[in-house]
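Grab a pencil and keep the viewer open. Here are a few exercises, each followed by a solution worked out step by step.

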Amino acid sequence: MIQELHDIQAAAGANFAELTTTETVPISFGNDAAAIAATKQGAALCDRTHWGRIQISDSDRLRFLHNQSTNNFNILKPGQGCDTVFVTSTARTIDLATAYATEDAVILLVSANRRRQLLELLDRYIFPMDRVELTDLTDTTVAFSLLGPDSTQLLEKLGVSELENQPYATHKLINFAGMEVRVAVGSGLATPGYTLIAPASDAARLWNELVKAGAVPMGDRIWEQLRIEQGRPAPDFELTDDYNPLEARLLNTISYDKGCYIGQETIARLNTYQGVKQQLWGVQLSGAVEPGTVITIGEEKVGKLTSFTETESGFFGLAYIRTKAGGEGLKVQVGEIAGEVVNVAFLSS
């Protein structure tokens, strides 16, 4: 079923790469400039099927997730959703996930390289009395994102208009062209758009319908470029054992009045005593730099570059910078390269 989708994508010019997690992903459709333009003045279509989809069902599902991550699940009603961070017991970041609450389950959209770890983690915390069931939906579903200002108009062409002007992560199961598709507000990046989750059996047909309606196919390479430009932190780069969600500036994912959860004591203490010693920022760069490069001001080490990309307007990176060193507008050295600290859309939203 996924092969049929890949055949259609290949016919449209897609080049594929295998991730370390073994999934095959279209990294480019040979149209990178057009895809970027579509995110700004049209609608781009990105295949996020390699991301993990985990379903948590049964009657204790909200209470269970409430205790496992940073956001408040107990207030979620069917059709609502939120971003949340899974952390270790010492509040180190594991993954930034998006949760969609349905009538009888919660669907988590998680990073490809954290799916297995999160399945194991969640399974470990299900106790015999818990009415909680975990199901890995990754192989039986697909996920696509529409990115760009014309995404709403494009969905309206397909008869989907219920989600216009709705809050982030609001979602609905919609039937169009005979397919049942869950459509959610939010592209996964700061760019406006929608995320669609559908059965794998409908993958090729759904992709075709979206392209026919005017969506410009976009490869994973451009997703990664936009992720860095906009400041979405990613596992193994900005989300590691070295950092917590406050340092990653994921403040909108943290509920301070929800009560106890894994990592809560550390996060509460950091917030109460303003103990955040470093924060994630964008860095405009004068040249190419490897992630991991130390950032300095004069002789003093003030941070580390975590991600790097080349954009149409120059070189750009994400970095953790010591709070005491300063923030936006700060001039720094990234190895031999000059840089300036800038704010980014995802972290300031």
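Which residues is Thr 102 in contact with, leaving aside its neighbours within four places in sequence?

**Ground rules**

The model is predicted, so local features need pLDDT of at least 70, side-chain atom pairs count only at pLDDT 80 or more, and totals for chains, interfaces and linings use all residues. Residues are numbered from 1 along each chain as its sequence is written, and side-chain values use heavy atoms, with hydrogens and water left out.

**Exercise 1. Place Thr 102 and list its contacts.**

Step 1: find the spot. Thr 102 sits in the loop between β6 (93–101) and β7 (105–110). Helices (H or I, at least four residues) and strands (E, at least two) are DSSP runs, numbered from the N terminus.

Step 2: check the cover. Thr 102 has a relative accessible area of 10%, so it is buried. The cut-offs: buried is under 20% relative accessible area, exposed is over 50%, and partly exposed is in between (1.4 Å probe, protein chains only).

Step 3: list the partners. Thr 102 touches Arg 61, Pro 78, Ile 107, His 171 and Arg 182, with neighbours within four places in sequence left aside. Contact here means heavy atoms within 4.5 Å.

**Exercise 2. Follow Arg 182 into its strand and say what stands opposite.**

Step 1: Arg 182 belongs to β11, and Leu 173 stands opposite.

Step 2: look at the pairing. β10 (residues 171–176) and β11 (residues 179–185) run antiparallel and are joined by six bridges. Two strands pair if DSSP finds at least two bridges between them.

Step 3: look at the turn. The two strands make a hairpin with two residues between them, and Ala 177 in that turn has a positive phi of about 55°.

**Exercise 3. Work out the strand order of the open sheet that holds β10 and β11, and find its edges.**

Step 1: the order of the six strands is β10-β11-β12-β9-β3-β13, with mixed pairing.

Step 2: β10 and β13 (216–218) are the edge strands; each has a single partner strand, so one side of each is left without a neighbour in the sheet.

Step 3: neighbouring strands are turned by 30° against each other on average, direction ignored. For angles, axes are lines fitted to C-alpha atoms (for helices, over the stretch in contact), and values run from 0 to 180 degrees between N-to-C directions.

Step 4: zoom in on one pair. β9 and β12 run antiparallel with seven bridges, and Ser 145 stands opposite Thr 195 in β12.

Step 5: add the helix. α7 (residues 220–230) packs on this sheet, touching β3 (44–47), β9 and β13, and its direction makes about 75° with that of β13.

**Exercise 4. Which residues touch the most other members of the largest nonpolar core?**

Step 1: the core has 29 residues, and Phe 176, Leu 196, Leu 206 and Leu 210 touch the most other members. A nonpolar core is a set of buried Ala, Val, Leu, Ile, Met, Phe, Trp, Tyr and Cys residues joined through side-chain atoms within 4.5 Å.

Step 2: β9 (141–147), α5 (151–157), β10, β11, β12 (193–199) and α6 (203–212) each give two or more residues to this core.

Step 3: take Leu 196 as a sample. Its contacts beyond four places in sequence include Val 142, Phe 144, Phe 176, Val 183, Leu 206 and Leu 210.

Step 4: another core, of 20 residues, lies apart; Ala 97, Val 110, Leu 118 and Leu 122 are among its members.

**Exercise 5. Ala 91 and Asn 165 both sit in loops: which is buried and which is exposed?**

Step 1: Ala 91 is in the loop between β5 (81–87) and β6, and Asn 165 is in the loop between α5 and β10.

Step 2: Ala 91 is buried, with a relative accessible area of 0%, whereas Asn 165 counts as exposed at 71%.

Step 3: now the backbone. Phi is near 65° for Ala 91 and about 65° for Asn 165. Most residues other than glycine have a negative phi.

**Exercise 6. In what order do the six strands of the barrel close?**

Step 1: the order is β14-β17-β16-β15-β18-β19, with antiparallel pairing. The twist averages 40° from one strand to the next.

Step 2: β14 (residues 278–285) and β19 (residues 337–342) pair over four bridges, with Leu 285 opposite Gly 339 in β19.

Step 3: α7 turns up again here, lying across β16 (300–311) and β17 (314–322) and running at about 145° to β16.
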